[in-house]
Amino acid sequence: MSRAGRPESVIKRREATVSLQPKFLDTLQRVCHDPFFNKRKHGLRNELIEEALTEYFKRKKIEIKENTVE
């Protein structure tokens, strides 16, 4: 029997490197730290960054387009 794991994400993601100032990085690490398991919640960190970018683009009136061709 196969072991049940995390289901495949319906959202296709591409890896990117983001350089952040220490104040932002420290805040993200503090907010996204799971004290029970003593490790980072990568999914939560990605959600926060994506939410912040979406909000920023809306405020600046920058249209978000998806590139469906890879």
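**Charged residues, aromatic rings and helix H2 in a predicted model**

Lys61 lies in the segment that comes after H2. The structure described here is a predicted model. Phi of Lys61 is positive, near 60°, in a residue other than glycine. For most residues other than glycine, phi is negative. With a relative accessible area of 76%, Lys61 is classed as exposed. Glu66 is likewise found in the segment after H2, and its relative accessibility of 76% places Glu66 in the exposed class. Between the C-alpha atoms of Glu66 and Leu20 there is a separation of 24 Å, the two residues being 46 residues apart along the chain.

Helix H2 itself consists of 18 residues. From its first C-alpha to its last, H2 reaches 26 Å, which is close to the 26 Å expected at 1.5 Å a residue. Two charged residues of this helix, Arg45 and Glu50, are considered next.

One salt bridge is present in the structure. Its partners are the side chains of Arg13 and Glu50, with a distance of 2.2 Å from N to O. Arg13 belongs to the segment before helix H1 (22-31), whereas Glu50 belongs to helix H2 (residues 42-59), so the pair ties together parts that are 37 residues apart in sequence. Both partners are partly exposed: the relative accessibility of Arg13 is 45%, and the relative accessible area of Glu50 is 37%.

Arg45, which is also placed in helix H2, is buried but takes part in no salt bridge. The nearest side chain of opposite charge is that of Glu15, at 9.3 Å; a salt bridge requires a side-chain nitrogen within 4 Å of a carboxyl oxygen, and therefore this pair does not qualify. When residues up to four places away in sequence are not counted, Arg45 touches Leu28, Cys32 and Arg40.

A second buried charged residue without a salt bridge is Asp34, located in strand S1 (residues 33-34). In this case the nearest side chain of opposite charge belongs to Lys41, 5.0 Å away. Apart from neighbours within four places in sequence, Asp34 is in contact with Lys39 and Lys41. A polar atom of the Asp34 side chain also lies 3.1 Å from the backbone nitrogen of Phe36.

Phe36 takes part in an aromatic pair as well. The structure holds two aromatic pairs, one of which is formed by Phe36 and Phe37. A pair of aromatic rings is described by the distance of the centres and the angle of the planes. For Phe36 and Phe37, the centres are 4.8 Å apart and the planes stand at 85° to each other, an edge-to-face arrangement. Phe36 and Phe37 are both exposed.

Asn38 is placed in the loop between S1 and strand S2 (39-40). Phi of Asn38 is near 55°, which is a positive value in a residue other than glycine. The relative accessibility of Asn38 is 58%, and the residue therefore counts as exposed. Positive phi values thus occur at Asn38, in the loop between the two strands, and at Lys61, which follows H2.

Conventions: Residues numbered from 1 in each chain as written. Predicted model: local features only at pLDDT ≥ 70, side-chain atom pairs only at ≥ 80, totals over all residues. Heavy atoms only, no water. Helix = DSSP H or I, 4+ residues; strand = E, 2+ residues; numbered from the N terminus. Buried < 20%, exposed > 50% of the residue type's maximum accessible area, 1.4 Å probe, protein only. Lys, Arg positive; Asp, Glu negative; His and termini not counted. Polar contact = N/O pair within 3.5 Å; in protein donor to acceptor, adjacent residues only side chain to side chain. Contact = heavy atoms within 4.5 Å. Phe/Tyr/Trp six-rings, centres within 6.5 Å; stacked < 30°, edge-to-face > 60°. Expected span 1.5 Å × (residues − 1).
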